[in-house]
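Thanks for agreeing to look at this one with me. Below are some notes to help you find your way around, so keep the viewer open as you read.

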Amino acid sequence: MYPRDVSEPEPIRFRGGNLTLAGELLLPDRAAAAGRRQVPWVLLLPSWLPRDRDGAFDDAAHPAWFGSGPMAPSRPGLLRRLAEALAEQGVASFRFDPRGCGESEGDWPGSDLFTRIDDARDALGAMRSRGELDLARTGFIGHGEGAAIALSVAIADPAVGALTLIGAPARSQRDLLRRGAAMRARTGVDLEHPLVAALDRWSEELIERAERREAELSLRLPGPARDRVTLNLAGWEQGIHTPAIALATMLHRSVSLVHGTADAWSHPDEARLLRDVLAGSSEAPDLRLIADAGHELAEAPDQVMAEIAEEAAGRLVARPLPAVLLAIQEMG
């Protein structure tokens with residue numbers, strides 16, 4: 001259940017390329033009570049690996065890939081927690097199941113990074129027909145890979161005003177795979193999930209094959225099921241050659257960085273690198289380190305979620321809209 005002062009979410013389906021993707025729009029209660037009064041809004045984008053709209057590993061659609069029982073992914077996911085916190089700040093949000101996850105069509109292992117970027121653009125476009133949303137006050141919150149996707153979309157879209165990047169990478173997918181696998185080997189973080197364990201075990205082969213631009217890599221997952229997952233290596237090769245730090249040099253927008261100090265997927269040094277680059281190309285970004293929190297920020301109390309949401313809401317100031325969006329806004 002959502003908090004009392006938050007509207008019930010509205011299920012939304014939209015076209016992502018040639019597929020139908022599913023998500024939900026969450027409006028603050030006072031927006032619903034005021035009819036069509038336009039409110040600021042945020043698009044929430046999840047981290048690496050198959051995840052649901054709440055930002056948690058998608059064990060419902062991929063039961064053999066992730067642990068069960070005590071090893072199950074943490075609930076509620078980070079994006080669900082942030083959506084609730086944003087609504088209490090008077091900010092609407094939209095989050096959706098990536099292709100092949102949750103209720104969305106498609107195949108996650110067969111997708112690639114550039115397709116996921118296109119899906120985020122399609123989600124942004126779908127929400128721009130909603131009369132309740134103020135298109136001049138649009139923001140992104142991206143987690144992990146979602147942070148890189150947010151940067152990619154915002155660079156070319158002047159109507160996106162503010163970004164909050166959580167657990168963001170800076171360097172290439174090659175570096176992140178190597179450093180993350182080493183960190184998880186030391187700490188055991190997330191290795192209860194067969195897909196994570198298989199990726200870490202075969203990370204060097206994955207990197208080599210992706211850099212040779214091979215088409216696929218077949219992984220056999222550990223555990224009794226011994227499932228095989230065939231990965232489309234195009235997405236991994238794209239991640240190797242599209243580091244977020246390069247994207248950051250092209251961004252001229254308000255950015256805030258949040259990072260758990262115990263992140264085993266993206267070291268806090270990544271956030272420091274992004275901060276230094278963004279300081280030269282956009283407004284000086286804030287960096288908030290969450291002590292002892294991992295990549296999911298599951299250890300962070302609700303008060304921290306409220307503070308992240310409040311900070312993001314405060315940066316959702318109106319931006320000049322291109323003519324086509326201004327016309328859509330006026331019609332809405």
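1. Let's begin at F140. In this predicted model, and leaving aside its neighbours within four places in sequence, F140 is in contact with V42, L43, L124, A150, V153, A154, V160, A162, L163 and T164. F140 also belongs to the largest nonpolar core, which has 46 residues. Together with W41, F94, L163 and L165, F140 is among the members that touch the most others. Helix α4, residues 145-155, gives this core its largest share, 7 residues. There is a second, separate core as well, of 25 residues, including W48, L206, L219 and L233. As background, nonpolar side chains in soluble globular proteins tend to be buried together.

2. Now turn to strand β7, residues 216-220. Which residues make up its covered face, and which the uncovered one? L217 and L219 are on the covered face, while E216, S218 and R220 are on the uncovered face. L219 is also one of the residues of the second core. β7 pairs with strand β8, residues 228-232, in the antiparallel sense, over 5 bridges. If you want one pair to look for, S218 has T230 of β8 as its bridge partner.

3. Another antiparallel pair is found at β1, residues 10-16, and β2, residues 19-26, where 7 bridges join the strands. One place to check is E10, which stands opposite L25 in β2. The two strands form a hairpin with 2 residues between them. In that turn, G17 has a positive phi of about 65°.

4. A few backbone details deserve a careful look. R75 and P76 are joined by a cis peptide bond, with omega about -10°. P76 sits in the loop between β3 (39-45) and α2 (78-88). L49 is found in the loop between β3 and α2 too, and has a positive phi near 70° although it is not glycine. Is L49 buried or exposed? L49 is buried, with a relative accessible area of 7%.

5. D190 is a further residue with a positive phi, about 65°, without being a glycine. You will find D190 in the loop between α5 (173-187) and α6 (194-201). D190 counts as buried, at 14% relative accessibility, where the cut-off for buried is under 20%. D190 comes up again at the largest pocket, where S74, D190, E296, A298 and E299 are the closest to the centre among the 24 lining residues. The pocket holds about 330 Å³ of space, and its lining divides into 13 nonpolar, 6 polar and 5 charged residues.

6. Helix α6 follows that loop, and how many of its residues are buried? The count is 6 of 8, so α6 is largely enclosed by the rest of the structure. The buried ones are P194, L195, V196, A198, L199 and D200. What covers them includes α5, α7 (203-211), β7, β8 and α8.

7. Next, the enclosed spaces. The structure holds 3 cavities of 30 Å³ or more, and the largest contains about 370 Å³ of space. Its lining has 29 residues, with W48, R116, E145, Q173 and W236 closest to the centre. At least two lining residues come from each of α3 (113-127), α4, α5, α6, β8 and α8 (233-241). The largest share, 5 residues, comes from α5. By type, the lining of the largest cavity divides into 15 nonpolar, 8 polar and 6 charged residues.

8. Which residues lie nearest the centre of the second largest cavity? They are P46, P98, R116, E145 and I149, out of 16 that line this cavity. R116 and E145 are thus named for the largest cavity and for the second largest cavity. The second largest cavity has a volume of about 140 Å³. α3 and α4 each supply at least two residues of its lining. This lining is made up of 9 nonpolar, 2 polar and 5 charged residues.

Notes
Residues are numbered from 1 along each chain as its sequence is written. This is a predicted model: local features need pLDDT of at least 70, side-chain atom pairs count only at pLDDT 80 or more; totals for chains, interfaces and linings use all residues. Side-chain values use heavy atoms; hydrogens and water are left out. A nonpolar core is a set of buried Ala, Val, Leu, Ile, Met, Phe, Trp, Tyr and Cys residues joined through side-chain atoms within 4.5 Å. Buried means under 20% relative accessible area, exposed over 50%, partly exposed in between (1.4 Å probe, protein chains only). Helices (H or I, at least four residues) and strands (E, at least two) are DSSP runs, numbered from the N terminus. Contact means heavy atoms within 4.5 Å. Two strands pair if DSSP finds at least two bridges between them. On a 1 Å grid over the protein atoms alone, a cavity is a set of points where a 1.4 Å probe fits but cannot get out, and a pocket is an open set with protein on both sides within 12 Å along at least five of seven lines; lining residues have an atom within 4 Å of a point. Grid points are joined across faces, edges and corners, and a volume is the space filled by probe spheres set on the points. Ala, Val, Leu, Ile, Met, Phe, Trp, Tyr, Cys and Pro count as nonpolar, Asp, Glu, Lys and Arg as charged, and the others, Gly among them, as polar.
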